[in-house]
Amino acid sequence: AQPHEPIVRVAECVLRSLPFRRRRCMDHVMDPAQPEEDRRRGAAGACERRAPAAATLDWYASNGFDQIPQSGTHSVTIPGTIDAWCRLLDDHGRKGIDAVLQPAIRYAEKGYVIHDRVAFDWADSVDLLKADEHSARIFLKSGAPLTTGDVHVQPELAATLRNIAARGRAGFYEGAAADDMVGRLRALGGLHTLEDFGATSGDYVEPISVDYRGHRIFQMPPN
């Protein structure tokens with residue numbers, strides 16, 4: 001496998017098991033060991049976090065916002081991760097998204113064990129999860145967080161991942177998945193549209209780097 005194929009697999013498994021971090025987007029940096037011409041294309045900064053087109057400064061100001069909330073519909077950008085994975089694999093991978101997502105689909109269908117670090121963060125996020133009926137249904141057990149050793153199963157996520165595996169990025173940014181996300185966000189007062197989802201496309205950018213104790217450390221630039 002190409003170096004970025006395991007990265008995509010691990011990234012999906014991490015996002016699947018950390019519900020309280022789902023609102024965060026993972027930047028994707030290509031292996032610095034890749035040839036220089038590939039490395040210059042940098043990160044599949046293809047993981048963009050763009051706000052809905054209607055979310056302008058004027059809109060926020062006229063609606064009484066002086067900062068972006070930490071949670072809630074107005075803190076939600078258009079997810080760029082699926083686009084990043086598909087593009088990175090199309091441009092540089094030897095396997096397609098259908099093959100790469102299989103481990104995550106298996107974990108979502110069969111379940112995965114909650115480890116102690118995840119259980120700690122899960123408990124710390126219980127109030128946030130309780131605030132939304134769907135989050136509470138999926139990520140809490142009788143209103144309580146899962147604990148170390150529990151097995152968590154996510155059949156709905158497995159179905160979504162299977163759709164992405166079959167249809168690529170269209171399985172997420174178009175059709176039932178997009179309809180569901182946009183419908184829920186707008187019901188909560190969000191500005192998101194199907195056009196925002198359909199237009200999602202990231203950019204390759206030049207990574208920033210620094211020497212640290214004999215190693216060259218690469219990271220995404222501010223974006």
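This short tour goes through one helix and three salt bridges in a predicted model.

**Stop 1: helix H4.** Select residues 81-92, the twelve residues of helix H4. At 1.5 Å a residue the helix should span 16 Å, and its end C-alpha atoms are indeed 16 Å apart, which agrees. Now colour by accessibility: H4 is mostly covered, with nine of its twelve residues buried. Among them are Trp 85, Cys 86, Leu 88 and Leu 89.

**Stop 2: a pair inside the helix.** Stay on H4 and show the side chains of Arg 87 and Asp 91, which meet in a salt bridge at 3.7 Å, N to O. Both belong to helix H4 and sit four residues apart, about one turn of the helix. Arg 87 is partly exposed at 26% relative accessible area, and Asp 91 is partly exposed too, at 39%.

**Stop 3: from H4 outwards.** Next, pick Asp 83 and Arg 169, whose closest N and O atoms are 3.0 Å apart in a salt bridge. Asp 83 is in helix H4 while Arg 169 is in the loop between helix H10 (155-167) and helix H11 (170-173), so the pair ties together parts 86 residues apart in sequence. Is Asp 83 buried or exposed? With a relative accessible area of 6%, Asp 83 is buried; Arg 169, at 23%, is partly exposed.

**Stop 4: a link between two loops.** Finally, select Arg 50 and Asp 203, joined by a salt bridge of 2.9 Å, N to O. Arg 50 is in the loop between helices H2 (36-40) and H3 (57-62), and Asp 203 is in the loop between helix H13 (194-198) and strand S5 (208-212), 153 residues apart. Arg 50 is partly exposed at 39%, as is Asp 203 at 34%.

To explore further, note that the model has nine salt bridges in total.

Note on methods. Residues numbered from 1 in each chain as written. Predicted model: local features only at pLDDT ≥ 70, side-chain atom pairs only at ≥ 80, totals over all residues. Heavy atoms only, no water. Expected span 1.5 Å × (residues − 1). Buried < 20%, exposed > 50% of the residue type's maximum accessible area, 1.4 Å probe, protein only. Salt bridge = Lys/Arg side-chain N within 4 Å of Asp/Glu carboxyl O.
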